[in-house]
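User: I'm new to this one and keep wondering how the labels get assigned. Could you walk me through the reasoning?

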Amino acid sequence: MSINKFGLLNALYEIVNSKEHDNDYAVASYLLDNIKRINEVSVNELVNCAFTTPSAIRRFCHRIGYDNFSELKVSFSHLIFPSNLRLRQFHPMSEYRVQRLDSIRRVIQDIEKNFTDTMVETIVSLIVSYKKVILVSANNTSSELIKFQQELLFAEKIVYVISKDYKENSMLEEIDDETLLLVSSVSGTFAAEASEWVRGLPSYNILLTGNRDPEFLESYHDCFYMSGQDIKNDVTGVYGKYGLTLIFDFISESFFYHS
């Protein structure tokens, strides 16, 4: 499994949202249009239907962190979709509303009890003290990091976000022992895949997660647990969608209070 799969949707949508109608746009658009039959799509089909060339497809794969199209296709699994859609059962709105609101209340209570003020202030202290701060996540929770990034700019604190092209990201060249790397991974799936990559970086690495696997401490200098449970699978996506929003709101508020 390639770590780049966790940022694949971000990489593809960045290309199509740019509206630059070049070869990369044609390939990305075709892949998104045919995402449910991606295993059947061949290079020849891409060439004929996206009006591109084999060399352009190869360059496209390299751009988003893959050696070739076969490797890219393998990364198209259900893991790339947000909110654990592959595990969800869908209900009429009247049922969903009751279930969702109850889940959100339980998540808030869990975080209120277990993600303490001391944890928030420790993270804020680290963000303040490090010269460079990089936030890392899979594409399914990157929106919370981007919002937090923009909020901190108000206090003239520039932080960076990596949510795609992890191992090939040009920002890696600037990471040193004065860098704080904060990895966000609710269920620990992304953190586990990133562990070897993170372990090789000279930065001070911290993990925000609900997964209490002790092996994470081999790659991360510190782990901050957002729940009193051991979350191996955020089945309904409620911790990732609402829990992280609350936690980064806490961190943001504390940062502004102390700045």
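**Cysteines and salt bridges**

Analyst: Sure, and keep in mind that this is a predicted model. Go ahead and ask.

User: How do you know that the structure holds zero disulfides?

Analyst: A disulfide needs two cysteine sulfur atoms within 2.5 Å. The sulfur of Cys61 has its closest cysteine sulfur in Cys49, 16 Å away, so that's too far for a bond.

User: What makes Cys61 buried, and what is Cys49 called?

Analyst: Buried means under 20% relative accessible area. Cys61 has 0%, so it's buried. Cys49 has 39%, which lies between the 20% and 50% cut-offs, so Cys49 is partly exposed.

User: Why is the contact of Lys164 and Glu14 called a salt bridge?

Analyst: The cut-off is 4 Å from a side-chain nitrogen of Lys or Arg to a carboxyl oxygen of Asp or Glu. Here N to O is 3.3 Å, so the pair qualifies as a salt bridge. Lys164 sits in the loop between strand 2 and strand 3, and Glu14 in helix 1, 150 residues apart.

User: What makes Lys147 and Glu144 a salt bridge, and where do they lie?

Analyst: Their closest N and O atoms are 3.5 Å apart, which is within 4 Å, so the label fits. Both lie in helix 8, three residues apart, about one turn of the helix.

User: Is Glu45 buried or exposed, and how do you know?

Analyst: Glu45 has 16% relative accessibility, under the 20% cut-off, so it counts as buried. Its side chain meets Arg37 in a salt bridge at 2.8 Å, N to O, and Arg37, Glu40 and Glu45 are linked in a network of salt bridges.

Definitions and conventions:
Residues numbered from 1 in each chain as written. Predicted model: local features only at pLDDT ≥ 70, side-chain atom pairs only at ≥ 80, totals over all residues. Heavy atoms only, no water. Buried < 20%, exposed > 50% of the residue type's maximum accessible area, 1.4 Å probe, protein only. Helix = DSSP H or I, 4+ residues; strand = E, 2+ residues; numbered from the N terminus.
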